[in-house]
Amino acid sequence: MALVYKDFIISDTICVGDSRRCGIAWTEVDKIFFPCRLPSEDDEAVTHFLLGVLDLNQKKIDVYDSIYSEPYEAGMNYMQMYARMIPHLLKFSQFDKNHKSFGNVFNKFDIQWQRSPHQTGSTDCGAFLIKFAELLMIGKDVQQFQPEDIKDFRKELAANLWAHGEWKRNSGYDTPPENVGDDYESENETFCPKEL
């Protein structure tokens, strides 16, 4: 799945590269937003979400995390996989020949943890991820969002999803099928690992 907003692509963790499925190629954008689901450390059905922003011009990944403002071992190890893998994927697809400012070859993206508001509830990381992406896409600072506003944001999300569902139902739009089994086996797998 990939969503496009102005000059940004919001992509899942699958590298779509030059795929036109989302309507715009990676070579035509400067930043790519990707949600990250950290695996649990002890194989429990507990996880944590954070937002990665791949900056193709600066050759870096900005990380927005609603629990930690500084790099930590599990988060850094996870992001380093992307930082090492993405340049190889881009090189393989000859990305540097098509992107307007990508330039020379390099081995990995820098990772920079960004200051961001911290969640107070143990299940808020997904909502924070969405809010961070929303604010960054419209050019605002994520620090503008106050953690106590998450409840209202969840209501806004629910209202927007309901309105979109109504639009789909009334317009006759039918969502194309997705691959079954790529998501969670249980809703319990979506909880953050840190007790707050």
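**Exercise 1. The aromatic cluster**

Task: Find which residues ring pairs link into a cluster in this predicted model, then work out how two of the pairs are arranged.

Solution:

Step 1. Start with the members: Tyr64, Phe128, Phe132, Phe145 and Phe153 are joined by ring pairs into a cluster. The search over the whole structure turns up nine aromatic pairs.

Step 2. Take Tyr64 and Phe132. Their ring centres sit 6.3 Å apart with the planes at 55 degrees, so this pair is tilted. To count as edge-to-face, the planes would have to be over 60 degrees apart.

Step 3. Now place that pair on the chain. Tyr64 belongs to strand 5 (residues 60–64) and Phe132 to helix 2 (residues 125–137), so the pair ties together parts 68 residues apart in sequence. Tyr64 is buried at 10% relative accessible area, and Phe132 is buried too, at 1%.

Step 4. Move on to Phe128 and Phe145. Here the centres are 5.5 Å apart and the planes stand at 80 degrees, so you call this one edge-to-face. Phe128 is in helix 2 while Phe145 is in the loop between helix 2 and helix 3, so the parts tied together are 17 residues apart in sequence.

Step 5. Check burial again. Phe128 has a relative accessible area of 0% and is buried; Phe145, at 7%, also counts as buried.

**Exercise 2. Ser66 and its surroundings**

Task: Work out where Ser66 sits, whether it counts as buried or exposed, and what its side chain makes a polar contact with.

Solution:

Step 1. Look in the loop between strand 5 and helix 1 (73–92): that's where Ser66 is.

Step 2. Its relative accessibility is 1%. The cut-off for buried is under 20%, so Ser66 counts as buried.

Step 3. For the polar contact, go to the side chain of Gln119, which the side chain of Ser66 meets at 2.4 Å.

Step 4. List the other company. Setting aside neighbours within four places in sequence, Ser66 is in contact with His48, Pro117, His118, Gln119, Cys125, Phe128 and Phe132. Two names there should ring a bell: Phe128 and Phe132 are also in the aromatic cluster.

**Exercise 3. Ser171 in helix 3**

Task: Place Ser171, classify its exposure, and find which backbone oxygen lies 3.4 Å from a polar atom of its side chain.

Solution:

Step 1. Ser171 is part of helix 3, which covers residues 150–171.

Step 2. Its relative accessible area is 42%. Exposed would need over 50%, so Ser171 goes down as partly exposed.

Step 3. The backbone oxygen you're after belongs to Lys168, 3.4 Å from a polar atom of the Ser171 side chain.

How values were computed
Residues are numbered from 1 along each chain as its sequence is written. This is a predicted model: local features need pLDDT of at least 70, side-chain atom pairs count only at pLDDT 80 or more; totals for chains, interfaces and linings use all residues. Side-chain values use heavy atoms; hydrogens and water are left out. Helices (H or I, at least four residues) and strands (E, at least two) are DSSP runs, numbered from the N terminus. Buried means under 20% relative accessible area, exposed over 50%, partly exposed in between (1.4 Å probe, protein chains only). A polar contact is a pair of N or O atoms within 3.5 Å; within protein, one must be able to donate a hydrogen and the other to accept it, and residues adjacent in sequence count only if both atoms are side-chain atoms. Rings of Phe, Tyr and Trp (its six-membered ring) pair if their centres lie within 6.5 Å; planes under 30 degrees apart count as stacked, over 60 as edge-to-face and the rest as tilted. Contact means heavy atoms within 4.5 Å.
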